[in-house]
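Please look through the sequence and the structure shown here before reading on. The report that follows moves from the chain as a whole to a few of its details.

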Amino acid sequence: MTADAPLTRESFRRLHAINTPRPVSQLPDRVWTDGDWERIQRGYRARDMDEKWNVFVEGDLLFMHRSWTGHGIYEASFAPVIGGGVRIISAVVESDRENYRGMGDEYDRLMMELIISAIVLGEPAADLRAGLVELMARASGKSDLPSGVVEHSALGLRSGS
């Protein structure tokens, strides 16, 4: 496999399908460019133990799995947009609390977009990162959560990486 060859289901040692899919009612508004979609279709493999996500595409369906356990967490269907680019038109999230403890649709919308933007595409995604920290602070009732800890815990990223 060459460095540019797309990752496939077979590229990963172990993957587990979503046990109990729940539709996500809030989807990212973003339209990814055709170039972004080409990059997204190549997928992403966690490079070390700190990274938390493995991503691959089959057809128009993006699969996002936890890197350590192989559990499927998100599946997002993409469709072309008039004028170019693609957007997510539907998505499901794992609702089996043994495999994933989500925090609701707002969190899932943000996480899907962050995984795609910050991890797969390597974008700074500062607004999305700040949104994650704000959402986690609201959920915990603590206003002083360190952004680096929040980002690393959810995404496997450090601030600014």
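A residue is called buried when its relative accessible area is under 20% and exposed when it is over 50%, with partly exposed in between. R138, with a relative accessible area of 48%, is therefore partly exposed. These values belong to a predicted model, and they should be read with that in mind.

**The chain as a whole**

The protein chain contains four helices and five strands, and when it is followed from the N terminus, its elements come in the order β-α-β-β-β-β-α-α-α. The chain has 161 residues, of which 43% count as buried. Among the contacts in the chain with a separation of 6 or more, 56% are accounted for by residues 24 or more positions apart. About 8400 Å² of the protein chain is exposed, and carbon and sulfur atoms supply 51% of that area.

**Helix α1 and its cover**

Which residues of helix α1 are buried? In this helix, which spans residues 34-42, they are D36, W37 and I40. They lie on the same side of α1, because they cover an arc of only 100° around the axis. The cover over these buried residues includes the strands β2 (53-58), β3 (61-66), β4 (72-80) and β5 (86-94), as well as the helix α2 (105-120). After α1 comes G43, whose phi is positive, near 80°.

**Salt bridges**

The structure holds seven salt bridges, and the table sets out three pairs, each with the distance between N and O atoms.

| Pair | N to O distance |
|---|---|
| R9 and E58 | 2.9 Å |
| D36 and R30 | 3.2 Å |
| E106 and R138 | 3.2 Å |

The salt bridge of R9 with E58 has its closest N and O atoms 2.9 Å apart. Since R9 lies in the segment before β1 (21-23) and E58 in strand β2, this pair ties together parts that are 49 residues apart in sequence. R9 counts as partly exposed because its relative accessibility is 31%, and E58 counts as partly exposed because its relative accessibility is 35%.

The second pair brings the reader back to helix α1, where D36 is one of the buried residues. Is D36, at 16% relative accessibility, buried or exposed? D36 counts as buried, because 16% relative accessibility falls under the 20% cut-off. R30, whose side chain meets that of D36 in the salt bridge, is partly exposed, with a relative accessible area of 21%.

In the third pair, E106 forms a salt bridge with R138. This pair links distant parts of the chain, with E106 in helix α2 and R138 in helix α3 (residues 126-140), 32 residues apart. E106 is partly exposed, with a relative accessible area of 35%, and R138 is partly exposed as well, with a relative accessible area of 48%. Elsewhere, salt bridges that share partners join R22, D105 and D108 into one network.

**A serine in a loop**

Where is S67 found? S67 is in the loop between β3 and β4, and its side chain reaches the backbone oxygen of E51 at 2.7 Å. When its neighbours within four places in sequence are left aside, S67 is in contact with A46, E51, K52, W53 and N54.

Key: Residues numbered from 1 in each chain as written. Predicted model: local features only at pLDDT ≥ 70, side-chain atom pairs only at ≥ 80, totals over all residues. Heavy atoms only, no water. Buried < 20%, exposed > 50% of the residue type's maximum accessible area, 1.4 Å probe, protein only. Helix = DSSP H or I, 4+ residues; strand = E, 2+ residues; numbered from the N terminus. Arc of directions from axis to C-beta. Contact = heavy atoms within 4.5 Å. Salt bridge = Lys/Arg side-chain N within 4 Å of Asp/Glu carboxyl O. Areas by Shrake-Rupley, 256 points an atom, 1.4 Å probe, with all protein chains shown as cover. Polar contact = N/O pair within 3.5 Å; in protein donor to acceptor, adjacent residues only side chain to side chain.
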